[in-house]
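Please open the structure in the viewer and keep the selection tool at hand. The tour below proceeds from one selection to the next.

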Amino acid sequence: MAKTNRTKKLLPALLTILAGGSAVLSGCSSSGSDAAQPSASASGGDKYDALPKVVSASIYDRGQVATSEGTYEENRWTKLINEQSGVKVNWVPIPRNQEADKFNVLLASEQAPDMLATYNRDFMVRWAKEGAIQPLDEYIDQYSTSYKKYLQEHPELKPYLTLEDGKMYAIASLRPTRANTAIYIRQDWLDKLGLAMPNSVDELVSVARAFRDGDPDGNNVKDTIPMAMSTAYSAITDDWFQARSGAWFVEDGKVTQSFFTPRYKDALAFRQMVYKESLVDKEYATDKEFSRQKQLWTTGRAGIYFSNISMDNTLGDLQKNNPGAKLAVVPPLSTKYGTNGYEMEVPNFLLTSFNKKMKNPKAAMEFIDWMLDSGWKPLTYGTEGTHYQLVNGIPVTSNYDKWKTEVAYGNEYRLVLQERQTPDYLITRAGKDPTDLAMAQLKNAIIKNTETTPFRKDFPYVPPVSEYSAIATQFEAKWKEINTRMAMTDETPDKAVAEIRQAWDSLGGDSVTAKVQAWYDANKDKLK
């Protein structure tokens, strides 16, 4: 533990040194001072009214802004936001796959934006413990109209926004749908090879082998890589065995990390087996953005795609290259542990916290109210007459390619929204375009799978235990490295788990587990 404590003390200093050599980032926290900001109750609205309505906010950078559109910092939608919201927002892009490191550097160098948006509740717990963010209850009560009413109408959100002190540290709206992960399969390939839809993991492997060897694309070349993937691959394969990496489970009343359940070794063994048998791309470990995986899928070299409900909008690209391609959604698959459903997400969408050094929380709340009332709509649908037409009050995309280039990236700016993806909504929104309609039907199948087959999740959210939050990022980097190496070598699952255990112990994992156990024992009746 002594080594762990020294690491904790040195890490902020190290991050400050790393960040010190870079230029000051534009659009970051507007305070520029270490002085604590007055609370809303102390200063009242008059003090904030005298300040400029300027805030900064993080945004996920997924590399989707076309050169013709500008940058994440400046484009048609940032201009619309600044013109219509009454608040000037400076956006700070955060690479999606570097989120933890980027936030760490920004916070350590005191360059973090006023509003920090993340899907990772564990970040919120840690930021609150470190004093980097502040409670929002007073701001919501005094400066919000729409969001305050929204919370009253959706009290199910509050447990996910509230920490152990009983105060809310984030703003969030409901997700459009709680369905998330999915596996797509080439139905036309199944039909061509006379194969049935798989209903178990073993059957899926048999189908993958048939795709590898059966020349389903008919090009007389053995070049099929059966399974392509996105970030959802490891999550889905873990979920088959009820052992999601990094998740907490309750086994006979005792809390444990997934890695230390017998089930997790089966997930490791599966990923190693499909790699050895060339059922997945041998280069996937270096495909950090999964761009090669996406290309394998859209060019028709893969017949199974581990993805999510949106499928990264790749169906249109696939059908351009393969006009006869027909897709289906793989149902929940069984293993010797039973059938675990696809992930049902927590009800909240993005969690947006307020930097402790934020100068104008009133302006931030006004921006949130505007976004919730109307701002999310053009960022979702685009402009009427240009990107969509209304049909029965629902926006129907007019030109998908145009929407994809000019609007899709705008979704990232929606810190809150009120879109609800019901089956009727999805079908109507698809309009008459056959590709959009096919995607809507696939999404409906995914939603049905999610709603009808239970998904094991012993904790509704990451336990708000600061000791765990303090080591989670470092531990995640280690277990991901071990997982990847194990899948590509002859290392046994037992050895891989032993290495993960060693990493956990070196970070004081037993003490963390005891803290989580105590939290669970005190709160388990509320988690049902």
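Begin by selecting phenylalanine 367, which touches Ile81, Ser85, Val87, Val89, Trp91, Met115 and Leu415, residues up to four places away in sequence not being counted; contact means heavy atoms within 4.5 Å. The model is predicted, with local features requiring pLDDT of at least 70 and side-chain atom pairs counting only at pLDDT 80 or more, while totals for chains, interfaces and linings use all residues. Residues are numbered from 1 along each chain as its sequence is written, and side-chain values use heavy atoms, leaving out hydrogens and water.

Add Tyr184 to the selection: Tyr184 and Phe367 touch the most other members of the largest nonpolar core, which has 96 residues. Helix α15 (residues 361–381) supplies the largest share of this core, eleven residues. A nonpolar core is a set of buried Ala, Val, Leu, Ile, Met, Phe, Trp, Tyr and Cys residues joined through side-chain atoms within 4.5 Å, where buried means under 20% relative accessible area (1.4 Å probe, protein chains only). Helices (H or I, at least four residues) and strands (E, at least two) are DSSP runs, numbered from the N terminus.

Next, display the open sheet of four strands, ordered β5-β8-β4-β9 with mixed pairing; two strands pair if DSSP finds at least two bridges between them. Its edge strands, β5 (227–229) and β9 (327–329), each pair on one side only.

Then select β4 (residues 181–186) and β8 (residues 304–308), which pair in the antiparallel sense over five bridges. Threonine 181 has asparagine 308 in β8 as its bridge partner.

Definitions and conventions
Buried means under 20% relative accessible area, exposed over 50%, partly exposed in between (1.4 Å probe, protein chains only).
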